[in-house]
Amino acid sequence: MPRSRPRASLRAPLHARLRASLRAALPLVLIGPALVSTASAHAVLERKEAAPNAAYRGVIQIMHGCDGRPTTRVSVTIPEGVTGAKPMPKPGWTISTVKSAYARAYPSFHGQVSEGVTRITWTGGNLPDDQVDEFTFFARVSDAFAPGATLYFPVEQDCTEGSYRWSEVPAEGASARALKAPAPAVRIVAAPGAAVQAAQGQASQAPAAPAARAGAIAIEAPWLRATPAGAKVAGGYVTLRNTGTEPDRLTGAAIPRAGRTEIHSMTTEGGVMKMAPVEGGLALAPGASVALKPGGYHLMFLDLKDGLKAGETVTGTLTFERAGTVPVSFTVAPIGAQGPGEQGSAAASETGGHAHHH
């Protein structure tokens, strides 16, 4: 009989420990499915890398609904520094956009842009929980980002019941792994051939040798942009230096494939880009240099009889008020190029280009 007491005292703590273990495990059993559901419903971007000064094709993948409920709304916020965002139409869904002013102006094909689409929303569809789908947009990553940076695209997902907000962004230097609802991220990487282009850029800092000369006017690096199929307009660019003591004026230009040519200026007023002919020609003051380049003064070759292809050379002429007409050779750079030695921009091929690349 005296030995029965120790057995009873040992059994009591054992039962207590079992009950405590069950109580500790029960919350895990209850919340486990909710955690799995949240993780599996995460919205992600298919393309997780992008290059600065290049196009980006964003594909939002919705993998699950909200605890079994179908998805009826998907919305993405376009971060500062990403410009020209455009949604891809999606059958059965209605698209709406929000346009806002940027914190600063960014370079584009047609000069500077200071506002654009900052939110894209797809609504009205019905994506069952057991199916997946993609929501696509196109945009351009500006020069505000260097390789190694990370861009975050917050995504909202609404269902017939419930919703998710994939909008958390890690603090500077912190990891996103600890976040419960991280925003889809894109890593900025160097564009292919960036090192070669950088070397070319350093070499180009030296004064360029004139491609031609008209009296006191030095003509440097005349070039054209290649044109999409069927285009009737091409942009032309050149740098002109007046090395003399008398003023002169660029009054015209010509290439055999164009019916006529105009000299245009491009300005941005109130966030709106405006282009207009330069009446009377472009003034060239003594000792001054004028660069005709994308986003500024440029030549407009109109009524093209045939397209321009990257890599070819096109003969033409430039006409000056005092120096007269001089023959020049225009090199043809790819669609979307910002200079004669560039490889062009992926934006033109991914978005189909613009009707006028000037």
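Select Arg-260 in this predicted model. Arg-260 is partly exposed, at 42% relative accessible area. Now add Glu-262. The two form a salt bridge, with the closest N and O atoms 2.9 Å apart. Glu-262 is also partly exposed, at 24%.

Next, pick Arg-241 and Glu-220. Their closest N and O atoms are 2.3 Å apart, and the pair forms a salt bridge. Arg-241 sits in strand β15 (residues 233–242) and Glu-220 in strand β14 (residues 217–225), so this bridge links parts of the chain 21 residues apart. Glu-220 is buried at 10% relative accessible area, while Arg-241 is partly exposed at 29%.

Move to Arg-165 and Asp-158. Their side chains meet in a salt bridge, 2.8 Å from N to O. Asp-158 is buried at 15%; Arg-165 is partly exposed at 35%. Now extend the selection to Arg-73, Arg-119 and Glu-156. Salt bridges with shared partners join these three with Asp-158 and Arg-165 in one network. The structure has 12 salt bridges in total.

Select Cys-159 and Cys-66. Their sulfur atoms are 2.1 Å apart, in a disulfide. A search of the whole structure finds one such link. The link is right-handed, with 65 degrees about the S-S bond. Cys-66 lies in the loop between β3 (54–62) and β4 (71–77) and Cys-159 in strand β10, so the disulfide ties together parts 93 residues apart in sequence. Cys-66 is buried at 3% relative accessibility, and Cys-159 is buried at 9%.

Finish at Pro-154, in the loop between β9 (150–152) and β10 (155–159). Show its contacts, among them Ser-75, Trp-166 and Ala-183. Then add Pro-182: its C-alpha is 8.1 Å from that of Pro-154, across 28 residues of sequence.

Notes: Residues are numbered from 1 along each chain as its sequence is written. This is a predicted model: local features need pLDDT of at least 70, side-chain atom pairs count only at pLDDT 80 or more; totals for chains, interfaces and linings use all residues. Side-chain values use heavy atoms; hydrogens and water are left out. Helices (H or I, at least four residues) and strands (E, at least two) are DSSP runs, numbered from the N terminus. Contact means heavy atoms within 4.5 Å. A disulfide is a pair of cysteine sulfur atoms within 2.5 Å. Buried means under 20% relative accessible area, exposed over 50%, partly exposed in between (1.4 Å probe, protein chains only). A salt bridge is a side-chain nitrogen of Lys or Arg within 4 Å of a carboxyl oxygen of Asp or Glu. Lists of a residue's contacts leave out its neighbours within four places in sequence.
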